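Reader: I would like to go through this model term by term, and to hear the reason behind each label. Could you set the values beside the definitions for me?

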Amino acid sequence: MRKPAYFTYIAARNKSSKSFLAVMLLFCAFCLASFIYFLVENQIRNALMALIFIFFVPLIYALEMGLKLRFVTPFISLVLFIALGSLLGSGYDLYTLVPWFDTLLHCISGFIFACLGFAILELFIGEAENKKSFAACLLFGFVFSLAIALLWELFEYLGTHAFGLDMQEDTVVNGFNSYLLSGTHAYTFDVEGITHTVIYFGNGQSVVIDGYLDLGLIDTIADMAICLLGAVVYAVAIAIDWCKSKRKILFKAFVPHLVVKICDTELEYKSAEQSIINDLCEEMEVK
C-alpha cells in the first residue's frame with residue numbers, strides 16, 4: 001500500500017536536511033521531558049501545554065507541504081524557540097528569573113514573522129528577483145509582522161478579560177497624568193511621587209503596592225514596540241544583505257524559500273508538485 005503523500009514528504013524532508021530533523025527531534029524531546037517533569041510536580045496545566053507543543057512539529061511539515069515553502073534550519077529554530085516561550089516563561093518561571101526574557105521573545109517574533117511575511121508575498125508574485133519585487137516583499141513582511149503583533153495582543157486581552165488569566169502583565173509606576181482627575185481635557189492632573197497604593201478587599205484584608213498598579217497598558221504597548229524593533233532589524237538587515245552581499249547569507253538563513261516557482265501551465269505545476277513529494281529539492285544550506 002502506498003504511503004500518504006504527507007508521510008512521504010516528511011521522509012524526504014528529513015532525508016534532505018539532517019540539521020532540520022535534529023532541531024525537530026530536540027524540540028520534541030524537550031517537550032516530552034517537560035511533560036514528564038510537570039506531571040511529577042503536579043503542574044497539570046504546564047504538562048498539557050508541553051504535550052500540546054509537540055503537535056507543532058507535524059503542523060510545520062504540513063505548512064511546508066501545503067504552502068510549498070521551505071523553512072531553513074536557523075528560521076525554524078527561532079520559530080520553535082518562540083513557541084516554547086510560554087512554557088519556559090511560565091512553567092520554568094523564566095519570566096521572573098530573567099526579566100528581559102519576554103522582551104527577547106517579542107523582538108525575535110517581530111523579526112521572524114517579518115521574514116515569513118516576505119515569503120508569503122513571494123507565493124503570490126513569484127521570487128523577488130528584482131529591486132521592485134524585493135521592495136514589495138520587504139514592505140509586506142514588515143507590515144505582516146506588525147499585524148501578527150496586534151493579533152497577539154488582542155489574544156492576550158481576550159485571555160485576560162474572558163478567561164481570568166494575566167497575559168497582559170501589570171506594571172508598578174510612581175506617577176501618571178489624568179484628564180479624568182482634572183475634570184477637563186484642557187489640561188492634565190499630574191500625579192507624581194506615588195509611594196504606595198492600598199487595595200482593600202470586602203473581607204477586611206488589604207494589599208499594599210509600592211506605587212500605582214498599571215493594568216496591562218504599558219506591557220501591551222511595550223510588547224508591540226519591541227516587535228516593531230524586531231521588524232525594523234529585519235528590514236535593515238535583509239535589505240543590506242540582499243543588495244550588498246553576493247552570497248545573501250542572512251536572506252538564505254532566515255527567509256523561507258519557495259520550493260516550486262509559479263508555473264505557466266497546470267501540467268508543469270503537477271509535475272513540480274510530484275517532484276517535491278518523491279524527491280525534495282536539493283539542500284539549501286547556508287554556505
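Reader: Where is Asp93 found, and why is Asp93 called partly exposed?

Author: In this predicted model, Asp93 is found in the loop between helix 6 (85-91) and helix 7 (94-97), where helices are DSSP runs of H or I with at least four residues, strands are runs of E with at least two, and both are numbered from the N terminus. Buried means under 20% relative accessible area, exposed means over 50%, and partly exposed is what lies in between, with a 1.4 Å probe and protein chains only. Asp93 has a relative accessible area of 33%, and therefore counts as partly exposed.

Reader: What is notable about phi of Asp93?

Author: Phi of Asp93 is near 60°, a positive value in a residue other than glycine. Most residues other than glycine have a negative phi. Lys68 also has a positive phi, of about 60°, although it is not a glycine, and Lys68 lies in the loop between helix 4 and strand 1 (69-70). Lys68 counts as buried because its relative accessibility is 13%.

Reader: How do you know which residues to trust, and what comes with the numbering?

Author: Residues are numbered from 1 along each chain as its sequence is written, and side-chain values use heavy atoms, with hydrogens and water left out. Because this is a predicted model, local features need pLDDT of at least 70 and side-chain atom pairs count only at pLDDT 80 or more, whereas totals for chains, interfaces and linings use all residues. The mean pLDDT, the predictor's confidence in each residue from 0 to 100, is 87 for the protein, and 89% of its residues reach 70 or more. Over residues 261-274, however, pLDDT stays under 50, and it also stays under 50 over residues 276-287.

Reader: Why is Cys28 not said to form a disulfide with Cys31?

Author: A disulfide is a pair of cysteine sulfur atoms within 2.5 Å, and the sulfur of Cys28 is 6.6 Å from the closest cysteine sulfur, in Cys31, which is too far for a bond. Cys107 is in no disulfide either, with the nearest cysteine sulfur, that of Cys227, 8.5 Å away. A search of the whole structure finds 0 disulfides.

Reader: What makes Phe20 and Tyr61 an edge-to-face pair?

Author: Rings of Phe, Tyr and Trp (its six-membered ring) pair if their centres lie within 6.5 Å, and planes under 30 degrees apart count as stacked, over 60 as edge-to-face and the rest as tilted. The centres of Phe20 and Tyr61 are 5.8 Å apart and their planes are at 70°, so the pair is edge-to-face. This pair links distant parts of the chain, with Phe20 in helix 2 (residues 18-40) and Tyr61 in helix 4 (residues 56-67). Phe20 is buried, because its relative accessibility is 0%.

Reader: Why is the pair of Phe134 and Trp242 called stacked?

Author: The two rings are 4.1 Å apart, centre to centre, with 10° between the planes, and the pair is stacked. Phe134 lies in helix 9 (residues 131-162) and Trp242 in helix 11 (residues 217-244), so the pair ties together parts that are 108 residues apart in sequence.

Reader: How do you know that a charge sits over the ring of Trp242?

Author: A charge sits over a ring if NZ of Lys or CZ of Arg is within 6 Å of the ring centre and within 35 degrees of the ring normal. The charged end of Lys248 is 5.6 Å from the centre of the Trp242 ring and sits over that ring.

Conventions
Contact = heavy atoms within 4.5 Å.
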